[in-house]
Structure formats: C-alpha cells, structure tokens
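Reader: Please take me closely through one part of this model, the strands and how they are ordered into sheets, and then follow the chain into the loops and helices that go with them. I would like the reasoning spelled out wherever a conclusion rests on a number.

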Amino acid sequence: MKVSLFATCLTNALYPDVDLTMAKILKHLGHTVDVPEGQVCCGQIAFNSGYVDDAREVARTLIDAFERSEVVVGPSGSCIAMIHHYYPTLFEKEPAYLKKAEDLIHKSYEFTQFVVDILKKPDLGAHYKAKATYHPSCHATRLLGIGEAPLKLLQHVKGLELLPLPEAQLCCGFGGTFSVKMPKISEAMVAEKAQHVLDSGADILLGLDMGCLMNISGYLEKINKPVKTMHIIQLLGEGIKS
C-alpha cells in the first residue's frame, strides 16, 4: 500500500521526529510512504476560532494536496477528526469540494486506527521496559471513536506495564486556542490531569496528540515532576529498534 503522510502543523513544526518515526514504522510494515507537497494546516485553528471562511480556504489546499493519494495517515486524532467531522459542514454549499472532502474522509486515518483496524497489525514486535499510562485525547475518543486501537498496540509491547489513568476521560485543558483565550480555566484543567498522571504511578505518559502531550508535559515541568511524555508512535519506534 502507498501511504501518504499527513504531517500536521504542530507535529511537523515542533515534534518532527514523530512524523519521521511514523514513516519508519509504516515502512517497517512493508508499505511505501510519501509526503505530498502543498499540505498545510487542516484548518482547525481558524475554524474553532470562528474564522470559517479562512478555515475553508486552508481546507481546500489540504484536500488538493491529498487528492491523488491512496490512503492518508496522520499522528493526530484531532486533525483527522477535523477532516471527518467538519469538512462536510465547511463545503456543504460547494458540491465539487464536498465530493473531494468525502473522498479524503473515506481514505484518511489516525495512525493507531490505521495500524490496528485497517492493517490488522496490533503486534509490531516492540520491546520497551517501563511503567506507562495512556491519556485518551478528546477528539480521537469522542469524534473518531478511537478506543481499543491504541491500547491493543500498547498491550503487545513486551516489557511495558500499562497502568490505568484515574479519570482518564477528562480533558487536559489544551483545546488549541481555548488554552490561550481562557488560560486560567485551562491551567486548572491541566493541573487536575497532571495530578492524575502522578497518581497513576507511571514513569511515562502516552497519547495520540502532541498538543495534549505538550500541554500536560509543560505543566509537569512547571511543577518539577519528572514524568516523561511520549507519543505512542515514539514509544513504538523505540521499541522496534531495541
């Protein structure tokens, strides 16, 4: 299968190793990977801030970038959820782009969803000795319905002890522009999440979205609590190498 990598803004700009590792894992599974030029933001930031016309313009660019792709895979449940749930609304009055948006929806997946549900490969043969807990990010869980896929991948990592995260369903308070517009509420939410991470007894916090992990890790650093945060892709990549 030829997989087109959707790098996503935040990951590509701040955590490019996640994208690179995702490509390596997909190649490890026997697939070819390309990164179509022209891909930009999915439009989520503008859309959530009420700039619908700007979001639509950005979304057109992303749709065009992946128009010829066989399958599109990204490391962010949040960005894939934007495509799946809000592109039909963005283009409801543009039949031509609505059709293109629907095509992209049908062939785009979050990484763990793709590996477990489409490729049927829950066991990547990874080894990683640590105590970890998993934060199920809001968009991946509630909008994409991702529940078991990440856990199945982690349960097959030899040496990894997966500990339950208290009140796992609670938001970390990031919410993109929400954390900027309402910082006091956001900080109260992330403080609660950070305490739950500490209560889990884990050495590593895992997740599907670098936005959430960036927010939680930033607060943990602020309160001088040395809990490492990793995208599931990063842990799997390290585990496959070992």
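Author: In this predicted model, strand E5 (127-135) and strand E7 (residues 204-207) pair in the parallel sense, with 4 bridges between them. Within that pairing, Ala132 has Ile204 of E7 standing opposite. The two strands belong to an open sheet of 4 strands, whose order is E6-E5-E7-E8 and whose pairing is parallel. At the edges of this sheet are strand E6 (158-163) and strand E8 (228-231), each of which pairs on one side only. From one strand to its neighbour in this sheet, the average turn is 35°, with direction ignored.

The loop that leads into E5 deserves a look of its own, since two residues in it can be described in some detail. Lys120 lies in the loop between helix H7 (111-118) and E5, and its phi is positive, at about 60°, although the residue is not a glycine. Lys120 has a relative accessibility of 58%, and therefore counts as exposed, the cut-off for that class being over 50%. Gly125 sits in the loop between H7 and E5 as well, but its relative accessibility of 36% makes it partly exposed. Gly125 also takes part in a contact between distant stretches of the chain: its C-alpha atom is 6.4 Å from that of Ile240, while 115 residues separate the two in sequence.

A second sheet can be read in the same manner. It too is open and has 4 strands, in the order E2-E1-E3-E4, with parallel pairing. E2 and strand E4 (108-110) are its edge strands, and because each has a single partner strand, one side of each is left without a neighbour in the sheet. Neighbouring strands here are turned against each other by 35° on average, again with direction ignored.

Strand E1 (residues 2-5) runs parallel to strand E2 (residues 32-34) and is joined to it by 3 bridges, with Val3 standing opposite Val33 in E2. E1 is also joined to strand E3 (residues 71-74), once more in parallel and by 3 bridges, and in this pairing Ser4 has Val72 of E3 as its bridge partner.

Going on along the chain from E1, one comes to the loop between E1 and helix H1 (9-14), where Thr8 is found. Thr8 has a phi near 65°, which is positive in a residue other than glycine. Its relative accessible area is 6%, so Thr8 counts as buried, the limit for that class being under 20%. A positive phi thus occurs both at Thr8 and at Lys120, although Thr8 is buried whereas Lys120 is exposed.

Helix H2 (residues 16-28) offers a check on geometry. With 13 residues and 1.5 Å for each, H2 should span 18 Å, and since its end C-alpha atoms are 18 Å apart, the model agrees with that expectation. The buried residues of H2 are Val18, Asp19, Thr21, Met22, Ala23, Ile25 and Leu26. Just after H2 comes Gly30, where phi is positive at about 100°.

Two further helices, helix H4 (residues 52-65) and helix H5 (residues 77-90), have axes that come within 10 Å and cross at roughly 115°. Because the range from 65 to 115 degrees counts as roughly perpendicular, H4 and H5 are described as roughly perpendicular to each other. Their crossing is left-handed.

The cysteines remain to be considered. With a cut-off of 2.5 Å between sulfur atoms, the model contains 0 disulfides. Cys41, for its part, is in no disulfide, and the nearest cysteine sulfur, which belongs to Cys9, is 3.7 Å away. The relative accessibility of Cys41 is 19%, and so this residue counts as buried. For Cys171, the closest cysteine sulfur is in Cys138, at a distance of 3.9 Å, which is too far for a bond. Cys171 has a relative accessibility of 27% and therefore counts as partly exposed.

Note on methods: Residues numbered from 1 in each chain as written. Predicted model: local features only at pLDDT ≥ 70, side-chain atom pairs only at ≥ 80, totals over all residues. Heavy atoms only, no water. Expected span 1.5 Å × (residues − 1). Buried < 20%, exposed > 50% of the residue type's maximum accessible area, 1.4 Å probe, protein only. Pairing = 2+ DSSP bridges. Axes fitted to C-alpha atoms, helices over the stretch in contact; angles between N-to-C directions. Parallel < 35°, antiparallel > 145°, perpendicular 65-115°, else oblique. Left-handed = near helix turned anticlockwise from the far one by under 90°.
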